[in-house]
Amino acid sequence: MSFPIMRHRRLRGTAGIRGMVRETVLNVLDFIQPIFVTYGTGVKNEISSMPGVYHFSLDTLKEEVDEIAALGIPAVLLFGIPETKDAIGSSGFAEDGIVQEATRLIKQWYPELLVVADTCLCEFTDHGHCGMVHTHTVNGVVHGDVLNDASLELLTRTAVSQAKAGADIIAPSNMMDGFVQAIRAGLDENGFEHVPIMSYSVKYASAFYGPFREAADSAPQFGNRKTYQMDPANLREAIREADSDVLEGADMLMVKPALAYLDVIRTIRDQFDLPLVAYNVSGEYSMVKAAAQQGWIDEQAVVLEMLTGMKRAGADIIITYFAKDAARWLRG
């Protein structure tokens, strides 16, 4: 055998050596756990397409938050399902809105637990779109145009109301042009200069959101979101979207979904130096859960490998429905 020869296996021989040279390490501090809060009392209903994920009413929420805090997960992402909806999503920016009330309770129970408020209108509008809509009917079929600039005022009102309720981070997910600048200005004008914006900068019109539609009761009543969410085929466009958000004042950038977009995560990581968030979305979660329930995969091994891949691609923070499970597994 000719020499010199590189014996790469020397650094794989034992668990101790593999751990010592490991390049990417998952930590519970990397995770944000989403929570779905709804109206009513005594509600803890499992979402059928997302095993292990529940709708909570305000009176059952503490048990979930207690568990998250005990596991050392540093942050939650709040989604609200209101009792009533209208054309402008007014319950999204109401002082007594479901997200606002949940935020106050969580900050009362655990002041150090970070509350990230999803800032969008789709859960609160009766048409299910992420902004104001102008509708018209052609041959009996309803068509609608999402109004970009008119939506910014409502999204800003929502962000300000969430900050007033105590949200630590505002996370606008609507994909309207100029949304970061509008929300930054609104927060600053209302004395919330200290509240950071975690922008859904690169959000694709993805088929992986299917289970979330059930979870958040936010399916569009007509059309789709392809006029404002990104085409999954595009990468260079992602750079333009992120660049706009940086210029407008974003404090953190996000790529959503994560699993089929690891190349996008790496590209954004290489192009920008802001903290980068990957959203491990509902469809990614549900596929793993379904396969695990059939006994086809080792759920723990697959989830930790998947999350490690997201972090290796460049994510600093991972929003995942697996956060609680992953925190337990990492404890060993």
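**Notebook: a cavity and a helix pair**

I looked for cavities first and found one of 30 Å³ or more. Here a cavity is a set of points, on a 1 Å grid over the protein atoms alone, where a 1.4 Å probe fits but cannot get out. The largest cavity has a volume of about 120 Å³, taken as the space filled by probe spheres set on the points, which are joined across faces, edges and corners.

A note on the source: this is a predicted model, where local features need pLDDT of at least 70, side-chain atom pairs count only at pLDDT 80 or more, and totals for chains, interfaces and linings use all residues. Residues are numbered from 1 along each chain as its sequence is written, and side-chain values use heavy atoms, with hydrogens and water left out.

Which residues are closest to the centre of the largest cavity? I noted Cys122, Lys203, Phe212, Arg213 and Lys256, out of 18 that line it (lining residues have an atom within 4 Å of a point). Strand β9 (198-203) and helix α6 (210-216) each give two or more residues to this lining; helices (H or I, at least four residues) and strands (E, at least two) are DSSP runs, numbered from the N terminus.

Next I turned to helices α2 (residues 61-70) and α3 (residues 98-109), whose axes come within 11 Å and cross at roughly 50°. The axes are lines fitted to C-alpha atoms over the stretch in contact, with angles from 0 to 180 degrees between N-to-C directions. Where do they touch? I found Leu61, Lys62 and Val65 of α2 in contact with Ala102, Ile106 and Trp109 of α3, contact meaning heavy atoms within 4.5 Å.

Methods:
1 Å grid on protein atoms, 1.4 Å probe; cavity = no way out; pocket = protein on both sides within 12 Å on 5 of 7 lines; lining within 4 Å.
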